[in-house]
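Opened a new model today and went through it with a few questions in hand. These are my notes, in the order I looked things up.

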Amino acid sequence: MRNLLKKLFLSVALAVFMMSRSAFAMPEIMPLDKVKNGMHGTAYTIIENTGVIESFNVEILGIMDNGKGSSRKIMAKASGAAVEKTGGILQGMSGSPVYINGKLVGALSAGLKEMNPYIFFITPIENMLKIWEMPDTKNIQINKPPKKENDSEMATVFFSGFDSKGLNFLERELEPLGFKNFYVISNSKDHNPIKRNATLEPGGAFGVAVVCGDFLVGATGTVTAVDGKKILGFGHSFAHAGNVNFFMMDSEVIGSVSGENGNGIKVATVGNIIGRINQDREDGVAGILGKFPSVIPITVKIKDIANGKVETYHAKIAYNEMLVPKLGTAIAYSALSKTFDSLAESTVSVEFKIKTNAVASGEISRKNMYYSQSDVGQLAMAELMQALNLICSNTTTEPEIYSIEVNVEMESERRTASLVSAKPDKELVKPGDTVNLTLTIQPYRKPEERFVIPYTVPLTRREGPLVLDIHGGALVPVVQSSGGIQPSTGTPMQNYQNQIIKLLGSNRNNQLILELNSAPTLKTDKERKQEVKRLKKVQKQITELGLKAPISTNKFDIGYIIDNVIQVSINVDKFDGNINRKD
C-alpha cells in the first residue's frame, strides 16, 4: 500500500510538473521556511540522448547556512532508477528543478564529489527569482576577477574547435576569471545559426556560450524555470560575471558518463543561438528567449606557404571586455596551430585589423613578422591581445569593437639574418646632407645580400663624429635601454590614445632601424653653454634661410628578422647654411 501511494504521489507530481511545462509559466513555489527535514520530492532532468525528461526521488536532509552574506542551501539525497543508472548526481544536472507536493523548491546546484555521489545541494527558488529583478544594462562589465566559488558549484566549461595547444592557452587565460572544469565537445551545428522562435522547458537542457561558430566556449546545464520568455537555470553561476551579454543556446544531451567517486558528467552539445543570457549570478543564470547579444565577428585566414593550404575560420564572440582579448587571441592562435601541422622553427607574418570606435580612423591595424624555434604561434598573437586589451582598457567610455580580422602566412623556412657591415658613401657630411649606407646582411644559411638605405643628418647636428646604431625592430636600441618608466601625463583619454598610437608606431620585427647612438659628450659647463649658443645660432640661420628640416626615414621594411646590432660612424662638418642633398 505504501509503495502504491508513493507511485501515486509521483504520478501526481509529474502531472503537475508537465502541466507547468506546457504552460511555460512559473508554477507555485515552496518558500525555504516551509521546507523541512524528511520531506520527499522529485527532480527532473535529461540523462540520455532520447531527449526525454526523467525524474528521480529527492529526500530533504536539512538546511545549510554558510553565514552572513552567503546564500543558504538545501541539502538532499537522490534515489531512484534514473540516478542509479548514472551512478549519482552528475555535472550537467545543475539547474534540475526540484518539486515538493507540486511546488517548485529550487534547483540542483552542487554535489559532494569524492564523498557521496547521491548527496547534493539545492539552491532555493526564492534566491533564483531575485536574478530576474536585477538591472540589465547591456554590456555592463566587472573590472576585477570574479568571486571564486567551490569547484562543485562552478559550471563545467566545454570547448569545441580548439586543438590541444589552443585549449591549454584558454585554460591558462580563463581560469583566473572563474572558468573551471574544462572538457571538449563536438559542435552539433556549423556556425550556430540563430533560431528565433525556440522554446525551453524546466528539466530540459540548454547552454551558455561566450564563443560560437567554428569555435565554441561555454557550458551546458538544466533549465529550472520558465516564465514566458524568461529563463532561469544552473542553480549556480557560469563565471560569476554579473550582468552579462552571453549567448543562450539550445542543447542536446548525448549521454551520461559515470565516474569514480562521483565525478560523472552529463555530456551535452549545443546547436542554435536561441536568446541572450543577461545575468550570471551566484545563484544561477538568467536570460531571455528571442533576444540576442551584441557580438564581435572574428575571421582568421591562415595560409601555409609551403603547401599552399589556405583555411578560413569564422566565429562570434559575445561582447565582454574581460573576455574579448583572451578569446580573440585564443581563436587566432588555435586556428594557426590547427592549420599548420608543425609549430617548430617557423616564421609567421601576421596582419590584424580591428574595426572599432576607439580611434578616430575607425580601425586599428598592425603587421609584423615572428620567428621561433618552437611554437611561434603564441609569440605571433601577443600584439593582437595587446591591441584588444588596450581597446578594452578605456577608463572614460566603453568602446565598441565591430569586427576582428586576422591574416596569417606561415612557412617552415627560417627568415632571420645578421648584419655584417654598413658602409657610408661619404666620410664627411654636413648637417642636412643625405648619406647612403650600403648594408650587407647574412641570411640564415643563404648567400649574403646587399641593399642601400639613406640617412639624412639633422640640421642641428653638432660637428664631430655621428654614430648610428643599426638593428632589427625586435631589438631594443642602446639609446633607449637606459631609460626608466616615465609617469603618464595628460588626461585619461590622451593617455589611452597615446598607448594605442605607441603600439601601432612601434618597431616591427622585420624592419631595419637606424638610431642615433648618442649626442657628442659635453663634459663642462663651458661646453654646454657653448652648445646652447651654437644651437640658437643654427636655428636663427635655418629660419632666415627659410630652410625646412629634412625628413629622414629611419625604418625600412625587409623580408628578414635581424638578430644583431652594428654601428657606423660618420664625421659631421659645421653647418654653413647650405644643404647638399637630393629632395
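The entries below go from the whole chain down to single residues.

**Entry 1, the whole chain.** I'm working with a predicted model here, not an experimental one. I started with the secondary structure and found 10 helices and 28 strands in the protein chain. Next I checked burial: of the 583 residues, 50% are buried. For the surface I got about 26900 Å² exposed by the protein chain, with 51% of that supplied by carbon and sulfur atoms. I also looked at contacts with a separation of 6 or more, and 74% of them are between residues 24 or more positions apart.

**Entry 2, helix 4.** Which residues of helix 4 are buried? I went through residues 164-174 and noted G166, L167, F169, L170, E173 and L174. Then I looked down the axis of helix 4: the buried residues fall within an arc of 160°, so they line one face of the helix. I jotted down the usual reason for such spacing: an α-helix has 3.6 residues a turn, so residues three or four places apart point the same way.

**Entry 3, helices 5 and 7.** How do helix 5 and helix 7 cross? I took helix 5 as residues 324-339 and helix 7 as residues 382-391; their axes come within 8 Å and cross at roughly 155°. An angle over 145 degrees counts as roughly antiparallel, and helix 5 and helix 7 are therefore roughly antiparallel to each other. I noted the hand too: helix 5 passes helix 7 in a right-handed crossing. On the helix 5 side of the contact I have V324, P325, K326, G328, T329 and A332. They meet L384, M385, L388 and N389 from helix 7.

**Entry 4, I558.** Where is I558? I found I558 in the loop between strand 26 (555-557) and strand 27 (561-562). Buried or exposed, I wondered about I558? The relative accessible area of I558 is 15%, and the cut-off for buried is under 20%, so I558 is buried. Leaving out residues up to four places away in sequence, I listed F451, N510 and L512 as what I558 touches. For N510 I also checked the C-alpha to C-alpha distance to I558: 5.7 Å in space, with their positions 48 residues apart in sequence.

**Entry 5, A219.** Last stop was strand 10 (residues 216-227), where A219 lies. A219 has 0% relative accessibility and counts as buried. I paired A219 with F206, 13 residues apart along the chain, and got 8.7 Å between their C-alpha atoms.

How values were computed:
Residues numbered from 1 in each chain as written. Predicted model: local features only at pLDDT ≥ 70, side-chain atom pairs only at ≥ 80, totals over all residues. Heavy atoms only, no water. Buried < 20%, exposed > 50% of the residue type's maximum accessible area, 1.4 Å probe, protein only. Contact = heavy atoms within 4.5 Å. Areas by Shrake-Rupley, 256 points an atom, 1.4 Å probe, with all protein chains shown as cover. Arc of directions from axis to C-beta. Axes fitted to C-alpha atoms, helices over the stretch in contact; angles between N-to-C directions. Parallel < 35°, antiparallel > 145°, perpendicular 65-115°, else oblique. Left-handed = near helix turned anticlockwise from the far one by under 90°.
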